[in-house]
Amino acid sequence: MSDIHYYFKAIEINQLFNEPQFNENQLGSLIVKHTEGEFPELDDINIAIIGVCEDRNSINNTGSNLAPDEVRTFLYKLYAGSFEPKVADLGNIMPGKTVNDTYFALRECVEVLIKRNIVPVIIGGSQDITYAQFLGYKNLEQTINMVAVDSVFDLGNPDDEINNNSYLGKIILHQPNYLFNYSNLGYQTYLVDPKSVDMMARLYFDSYRLGQFREKIEEVEPIIRQADAITFDITAIKNSDAPANPNASPNGFYAEDACQMMRYAGMSDKLSSIGIYEINPTFDISGKTSHLAAQMIWCFMEGYYNRKNDIPSKYNTDYVKFHVILQDDKYEINFYKSKKTDRWWMEIPYPPQKGLKFERHTVIPCSYKDYEMAVNNEIPDRWWQTYQKLS
């Protein structure tokens, strides 16, 4: 039994379901569950579901602590499809004496699971829990990339106490700093202070307006493929598709967009943790949002079990290399195309004096569109931003 079992409350199946009997192919039968006195063995597990029933640092969304069990009532009824899940549901991390106690518990669990090559799928709870998810990487001795699917940036002010509107500022200012890159997907311009957009640009962080992905959701794939950790605020989805939050906007991603993004996340060989936050069952309509979250997790699982291990490296040569010289020989970019999946990467020149600290960020995901830009003598934005950070 793992030491982290002390942090979890068992799942009370009989309270979640009137008749807790599942078909042999439903996830309720296939997921190894933490029931009273029976914490899952983790030796053969790939994915671990963690509920975090914490919302004390939530602004205007008290009640999101109820989300984990609501999501389970829909998740367990789904069928596994073509994959055979090696998934454990570890139960719920209940609120500690203080919010920091809850953060500490999740941080410890995330770290232990990542070290065991198990991907934690966190169901919040309020989005400030992302801070604890981030802290789980503190002792892993590597800089990481984080992607937030969110309609706003959640920067807050440096002097503010941490909450679901200010957690990102705490992550950026954390010392020691092990955040290499942050990307926001789907911010809505009218909800974000232009000064915050400027600050993101000065930090060489990526921020993408919702409209940039309208009817071309595949453009998010290389951004997601770069992430070690993803935090998904349910308010990034339009209110009509996910009403379980008083702060939800009429605009946002569609439900099918959210599922596609989760599938991309699952397929990423690099991704090692993901969290879905801000679902408040009090405001839901017929369980619509919890049902969507369950389907998002299903899509993540399906993606995970379709991973191809096709990141270009000296150990993996199953790709085609393209060398592009642009701007009168000033820059040279190597592009790599996977023979397995047709996915693209590009290489960033790495100064030897930097040592090994940032070496894992020198080959970054991209799209065929980036290659086309380089061929047309234009430097792709994501190449330039990473180049600036490494220079």
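A pocket is an open set of grid points with protein on both sides within 12 Å along at least five of seven lines. With that idea in hand, we can walk through this structure, which is a predicted model.

Let us start with the open spaces. The largest pocket holds about 600 Å³ of space. Its lining is made of 23 residues, and those nearest the centre are Ile311, Pro312, Ser313, Arg360 and Val363. Two elements, β13 and β14, each give two or more residues to this lining, and β14 has the largest share with 3 residues. Sorted by class, the lining of the largest pocket has 9 nonpolar, 6 polar and 8 charged residues.

The second largest pocket has about 440 Å³ of space. It is lined by 19 residues, and Tyr208, Gln212, Lys369, Asp381 and Arg382 are the closest to its centre. Here the elements that supply two or more lining residues are α7 (194-202), β8 (206-209), α11 (368-375) and α12. The lining of the second largest pocket is made up of 8 nonpolar, 4 polar and 7 charged residues.

Next come the enclosed spaces. How many cavities of 30 Å³ or more does a search of the whole structure find? There are 2 of them. The largest cavity has a volume of about 50 Å³. Around it you will find Asn181, Tyr204, Asp206, Gln226, Ile364, Arg382, Gln385, Thr386 and Lys389. Arg382 may look familiar: it is also one of the residues closest to the centre of the second largest pocket. Helix α12 (residues 381-390) provides the largest share of the largest cavity's lining, with 4 residues. By class, this lining divides into 2 nonpolar, 4 polar and 3 charged residues.

The second largest cavity has a volume of about 40 Å³. Its lining consists of Val147, Val149, Leu185, Ile224, Ile230, Phe232, Met261, Met262, Ala265 and Ile274. What classes do the residues of this lining divide into? There are 10 nonpolar residues, with no polar and no charged ones. At least two lining residues come from each of β6 (144-149), β9 (229-233) and α9 (255-267), and α9 gives the most, with 3.

Helix α9 deserves a closer look. Its 13 residues should span 18 Å at 1.5 Å a residue, and its end C-alpha atoms are 19 Å apart, so the two values agree. This helix is mostly covered, with 10 of its 13 residues buried. Among the buried ones are Met261, Met262 and Ala265, which also line the second largest cavity. Which elements help to cover the buried residues of α9? They include the strands β6, β7 (179-187), β9 and β10 (273-277), together with the helices α8 (221-225) and α10 (288-304).

Finally, let us turn to charge. Side chains of opposite charge can pair when their charged atoms come close. A search of the whole structure finds 14 salt bridges. One of them joins the side chains of Arg116 and Asp43, with an N to O distance of 2.9 Å. This pair links distant parts of the chain, 73 residues apart: Arg116 sits in the loop between α4 (99-115) and β5 (119-123), and Asp43 in the loop between β2 (32-33) and β3 (47-52). Arg116 counts as partly exposed because its relative accessibility is 35%, whereas Asp43, at 60%, counts as exposed.

Another salt bridge stays within one helix. Arg72 pairs with Asp69, their closest N and O atoms being 2.8 Å apart. These two are 3 residues apart in helix α3 (residues 67-75), so about one helical turn separates them. Arg72 is buried, with a relative accessible area of 0%, while Asp69 is partly exposed at 28%.

A third example brings us back to the largest pocket, where Arg360 is among the residues nearest the centre. Arg360 forms a salt bridge with Asp228, and their closest N and O atoms are 2.7 Å apart. The partners lie 132 residues apart along the chain, Arg360 in the loop between β13 (344-347) and β14 (363-366), and Asp228 in the loop between α8 and β9. Arg360 is partly exposed, at 31% relative accessibility, but Asp228 is buried, at 1%. Elsewhere, salt bridges form a network that links Glu221, Arg225, Asp269, Asp310 and Arg343.

How values were computed. Residues are numbered from 1 along each chain as its sequence is written. This is a predicted model: local features need pLDDT of at least 70, side-chain atom pairs count only at pLDDT 80 or more; totals for chains, interfaces and linings use all residues. Side-chain values use heavy atoms; hydrogens and water are left out. On a 1 Å grid over the protein atoms alone, a cavity is a set of points where a 1.4 Å probe fits but cannot get out, and a pocket is an open set with protein on both sides within 12 Å along at least five of seven lines; lining residues have an atom within 4 Å of a point. Grid points are joined across faces, edges and corners, and a volume is the space filled by probe spheres set on the points. Ala, Val, Leu, Ile, Met, Phe, Trp, Tyr, Cys and Pro count as nonpolar, Asp, Glu, Lys and Arg as charged, and the others, Gly among them, as polar. The expected span of a helix is 1.5 Å times one less than its number of residues. Buried means under 20% relative accessible area, exposed over 50%, partly exposed in between (1.4 Å probe, protein chains only). Contact means heavy atoms within 4.5 Å. A salt bridge is a side-chain nitrogen of Lys or Arg within 4 Å of a carboxyl oxygen of Asp or Glu.
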